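Q: Please take a close look at the ligand site in this structure and at the part of the fold around it. I would like one connected account.

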Amino acid sequence: MKKKLIITGASGFLGYHLLRMASADWDVYGITHSKGFDFKSAAAINCDIRNYIELGNFIDDIEPDAVIHAAAISDANFCEQNKELSNDVNIEATKNLAGICCDFKIPFSFTSTDLVFDGKQGMYKEDDAKNSLSVYGEQKSIAEEEVLRIYPEATLLRLPLMFGAQEASATNYLQKFIRQLKKEEEVYLFNDEYRSVCGARSIADGILKLINNTGIIHLAGKEKLSRYEFGLKAAKAFGLDESLLLSSSQKNVKMAAPRPADVSLDISKALSFGFAPFSVDEELKLIATHKYF
Ligand SMILES: NC(=O)c1ccc[n+]([C@@H]2O[C@H](COP(=O)([O-])OP(=O)(O)OC[C@H]3O[C@@H](n4cnc5c(N)ncnc54)[C@H](OP(=O)(O)O)[C@@H]3O)[C@@H](O)[C@H]2O)c1
C-alpha cells in the first residue's frame with residue numbers, strides 16, 4: 001500500500017507539478033481553495049487553510065505520512081496591497097499547519113522563497129542573513145522562523161523563480177511570454193534581475209526527494225540568469241524570434257513590491273542530498289516538445 005501525502009496549494013502552479021510527480025509513489029490528497037485541479041490520480045479536498053478546525057479534521061481523518069505546504073498568497077504585489085489577508089494565509093495558516101503536523105509527528109515541508117533576501121549579495125547560503133524588501137518576502141521569512149520554532153524537525157525549502165508546463169490551471173510567466181512572442185509582440189526583460197531560475201518539475205522532484213530531511217535547504221537551478229538571459233533561452237527552445245526580446249533595467253519600472261537585484265541561491269547542500277535538477281535548457285526542451293510529464 002502506498003503512503004499518504006497531503007499537498008496544500010494543489011490547484012496552484014507548483015501544486016500542479018507536485019501532484020504529477022508524487023502520484024507514482026504516494027496516495028495524494030490535494031488541498032484546493034477557490035479553484036480545483038484536473039488530475040484524476042489525486043483526491044481533491046476543498047478547504048480554506050485559514051480554518052484551523054477544518055484543516056485539523058482533514059489531517060486527522062486522512063492520517064497522512066507527510067504534508068507538503070505549497071499554499072500561499074504568492075503574488076508579491078497583491079501581498080503589498082492586502083497585508084491582512086496575505087498575513088493570515090502566509091503566516092497564521094502556516095503556523096497552524098506546522099503545529100498540527102508537529103502534534104501528529106507528520107513530516108512537514110514548507111515552501112519558502114529566495115525573496116527572503118535583499119539581493120545585494122547573490123549566491124546566498126542557507127544561513128546567510130535575511131532582509132526581505134517586500135511584504136511577501138517578509139511574511140515568508142516570519143513564517144520560516146515560526147515553522148522552525150513550532151516544529152524544529154520541519155523541512156524548509158527556499159525556492160527560486162520557477163517556470164513550467166503550460167496548463168490553464170497552472171499559469172506562470174512562461175505562458176504569457178510565449179503568447180506575446182507568437183503574436184510577434186516585443187517583450188522587455190530585465191537585464192539586472194538575477195535568479196537561480198529552475199523548472200518546477202525539477203523543484204517538485206527535489207521537494208519529494210528531501211521530504212524526510214530537516215532544516216533549511218535551498219532548492220534552485222544550477223544557473224544564475226537574468227530575466228533577459230532566460231528569455232533568450234526560452235525563445236530559442238520554442239523556435240521563436242529572439243530579436244523581439246528587448247533588454248531593459250528594473251530601475252526604470254515602478255512596481256508595488258520592490259524586487260531584489262540578485263537572489264541567486266547556493267544549492268550545494270541540496271545537491272549533496274541527491275537533488276538533481278535539469279538544466280534550464282533541458283527543462284525548456286521537455287516543455288517545448290511536450291515530453292514534460
Ligand atoms: N512560483 C514561483 O516561482 C515561486 C517562487 C518561490 C517560492 N514559491 C513558493 O512556492 C509555493 C507555491 O507557489 P505557486 O507559485 O504554486 O503559487 P500559486 O500558483 O499562486 O498557488 C497558490 C496556491 O495556494 C492556494 N491558496 C491560497 N490561499 C488559500 C487558502 N486560504 N486556503 C487554501 N489554499 C489557498 C491556492 O488555492 P486556490 O487557487 O484554489 O485558491 C493555490 O493552490 C508558495 O509557498 C510560494 O511562496 C513560488
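A: A nitrogen atom of the ligand lies 2.9 Å from a polar backbone atom of Ile49. This distance, like the others here, comes from a predicted model. Backbone atoms also meet the ligand at Leu14, where a polar one is 2.8 Å from a ligand oxygen atom, and at Ala72, where the distance from a polar backbone atom to an oxygen atom of the ligand is 3.2 Å. On its own the ligand would expose 910 Å², and 88% of that is buried by the protein.

The shell around the ligand draws two or more residues from each of helix H1 (13–22), strand S5 (108–113) and helix H5 (135–150). Of these, S5 gives the largest share, three residues. In total, 28 residues surround the ligand, and the closest are Ser11, Leu14, Ser34, Ser74 and Tyr136. By residue type, the shell holds 14 nonpolar, 10 polar and four charged residues.

Strand S5 also belongs to the sheet. The sheet is open and has seven strands, in the order S3-S2-S1-S4-S5-S6-S11, with parallel pairing. Strand S3 (42–46) and strand S11 (215–218) are at the edges; each has a single partner strand, so one side of each has no neighbour in the sheet. From one strand to the next, the twist averages 20°.

At the S3 edge, strand S2 (residues 26–32) runs parallel to S3 and is joined to S3 by five bridges. Thr32 has Asn46 in S3 as its bridge partner.

Two helices that pack on the sheet can be described next. Helix H5, which gives two or more residues to the ligand shell, packs on the sheet and touches S5, strand S6 (155–159) and S11. The direction of H5 makes about 155° with that of S5. Helix H7 (residues 200–209) packs on the sheet as well, touching strand S1 (3–8), S2, strand S4 (66–69), S5 and S6. The direction of H7 makes about 165° with that of S6.

Taking the site and the fold together, S5 supplies three residues to the ligand shell and is touched by H5 and by H7.

Technical notes: Residues are numbered from 1 along each chain as its sequence is written. This is a predicted model: local features need pLDDT of at least 70, side-chain atom pairs count only at pLDDT 80 or more; totals for chains, interfaces and linings use all residues. Side-chain values use heavy atoms; hydrogens and water are left out. A residue is near a molecule or strand if one of its heavy atoms lies within 4 Å of it. A polar contact is a pair of N or O atoms within 3.5 Å; within protein, one must be able to donate a hydrogen and the other to accept it, and residues adjacent in sequence count only if both atoms are side-chain atoms. Accessible areas come from the Shrake-Rupley method with a 1.4 Å probe; for residues, only the protein chains shown count as cover. Helices (H or I, at least four residues) and strands (E, at least two) are DSSP runs, numbered from the N terminus. Ala, Val, Leu, Ile, Met, Phe, Trp, Tyr, Cys and Pro count as nonpolar, Asp, Glu, Lys and Arg as charged, and the others, Gly among them, as polar. Two strands pair if DSSP finds at least two bridges between them. Axes are lines fitted to C-alpha atoms, for helices over the stretch in contact, and angles run from 0 to 180 degrees between N-to-C directions. Contact means heavy atoms within 4.5 Å.
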